[in-house]
Amino acid sequence: MDIHADYDINALRNVILSSQHLLEKSTDSIEKIVSDICGLQYDPNPTIHLNQYMMLWNRKTDFKAEQLDIAAYKEFRVVETWTFKRNMFFVPREEYSLYRHAAKGIVRWGESDETWLQNGDSPEVRAAEEELRERLADSEGLTLNQIWEKLDLAYEWHQYRREHDRSFNLPIFRAFYRMCRRGDLLTCGRNPGTFREPVYILKEKAGFSDWTADAVEEKQAVKWMVDKLTASFGINV
């Protein structure tokens, strides 16, 4: 029996292509397209052009690179976060908490975001987070090097990151990464250059309240994300 007899393979392919906005270019907003394809992976490899721009150029009518930059870094209609495989993606701002709760248990390099945050928690790190919030409260956006220069920690950062001297692994460095992972620090720009250095801002300075703390049950968030992912390939369950 031919199990494919009742199916038109070209029609099935078109369903997938249409769900991915690849059958024809879309006039939808960037956040709608990003939502429909279940996140847009950020790729820092500039071999041809950064992946995120190519993916939208293939999908959105008259797309220009600055449109994503405006949506992500000026208007925050999509935001950078870690989701699948603990890689960085753009996701719609309105879906941010669902992605964060759904992906927090994903294990990579021996631990998940949830366990990484728990293992790095200490009174010293929490105090360092408060110091970062206070010291960055008047900043509209700084690169990582500018942050440590502002805090008079440029030498320590160089020793830790460039010289790999673990004795300079200060609590405030851990605090910075924790705040990024939780969405307390947002990427509000990317500087010109090959690898587009990120610029950071406190979420409050970007006009957000405690938007990262929505009460979402993890299992429900996982179900939502799986349904979203399968729907992005034309499978509605």
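A disulfide is a pair of cysteine sulfur atoms within 2.5 Å, and this cut-off is a useful place to begin reading the structure above, which is a predicted model. When the whole structure is searched for such pairs, zero disulfides are found. C180, for instance, takes part in no disulfide, and the nearest cysteine sulfur, which belongs to C188, is 11 Å away. Looking from the other side, the sulfur of C188 has its closest cysteine sulfur in C180, and because the two are 11 Å apart, they are too far from one another for a bond. Both cysteines are nevertheless shielded: C180 is buried, with a relative accessible area of 10%, and C188 also counts as buried, at 11% relative accessibility.

From the cysteines we can turn to the nonpolar interior. The largest nonpolar core has 41 residues, and the members that touch the most other members are L68, L132, I147, W148 and F176. The element that gives the most to this core is helix α10, residues 171–182, with six residues. One of the core residues, W148, shows how parts of the chain meet here, for when residues up to four places away in sequence are not counted, W148 touches L132, L153, A154, W157, I172, F173 and F176. Apart from this core lies another one, of 16 residues, among them V79, V91, Y96 and M225.

Helix α10 also has a helical partner that the reader can look for. In general, two packed helices are described by the angle between their axes and the distance between the axes. The axes of α7, which spans residues 123–135, and α10 come within 8 Å and cross at roughly 75°, which means that α7 is roughly perpendicular to α10. Where the two helices meet, residues of α7 including E124, V125, A128 and L132 face residues of α10 including I172, A175, F176 and M179.

The next feature to follow is the sheet. Strands of a sheet pair through backbone hydrogen bonds, either parallel or antiparallel. Here three strands form an open sheet in the order β1-β3-β2, with antiparallel pairing. Because β1 (40–41) and β2 (78–82) stand at the edges and each has a single partner strand, one side of each is left without a neighbour in the sheet. Strand β1 is joined to β3, residues 88–92, by two bridges, and these strands run antiparallel; within this part of the sheet, L40 stands opposite F90 in β3. Lying across β2 and β3 is helix α5, residues 96–103, which runs at about 10° to β2.

Two loop residues deserve a closer look for their backbone angles. C38, in the loop between α2 (30–36) and β1, has a positive phi of about 60° although it is not a glycine. D152, in the loop between α8 (144–150) and α9, likewise has a positive phi of about 60° without being a glycine. Their surroundings can be set side by side: C38 counts as buried, at 2% relative accessibility, whereas D152 is exposed, with a relative accessible area of 64%.

Finally, the helix that follows the loop of D152 brings us to Q159, which is found in α9, residues 154–161. Q159 counts as buried, because its relative accessibility is 15% and buried means under 20%. Once its neighbours within four places in sequence are left aside, Q159 is in contact with H164, D165 and F168.

Conventions
Residues are numbered from 1 along each chain as its sequence is written. This is a predicted model: local features need pLDDT of at least 70, side-chain atom pairs count only at pLDDT 80 or more; totals for chains, interfaces and linings use all residues. Side-chain values use heavy atoms; hydrogens and water are left out. Helices (H or I, at least four residues) and strands (E, at least two) are DSSP runs, numbered from the N terminus. Buried means under 20% relative accessible area, exposed over 50%, partly exposed in between (1.4 Å probe, protein chains only). Contact means heavy atoms within 4.5 Å. A nonpolar core is a set of buried Ala, Val, Leu, Ile, Met, Phe, Trp, Tyr and Cys residues joined through side-chain atoms within 4.5 Å. Two strands pair if DSSP finds at least two bridges between them. Axes are lines fitted to C-alpha atoms, for helices over the stretch in contact, and angles run from 0 to 180 degrees between N-to-C directions. Angles under 35 degrees count as roughly parallel, over 145 as roughly antiparallel, 65 to 115 as roughly perpendicular and the rest as oblique.
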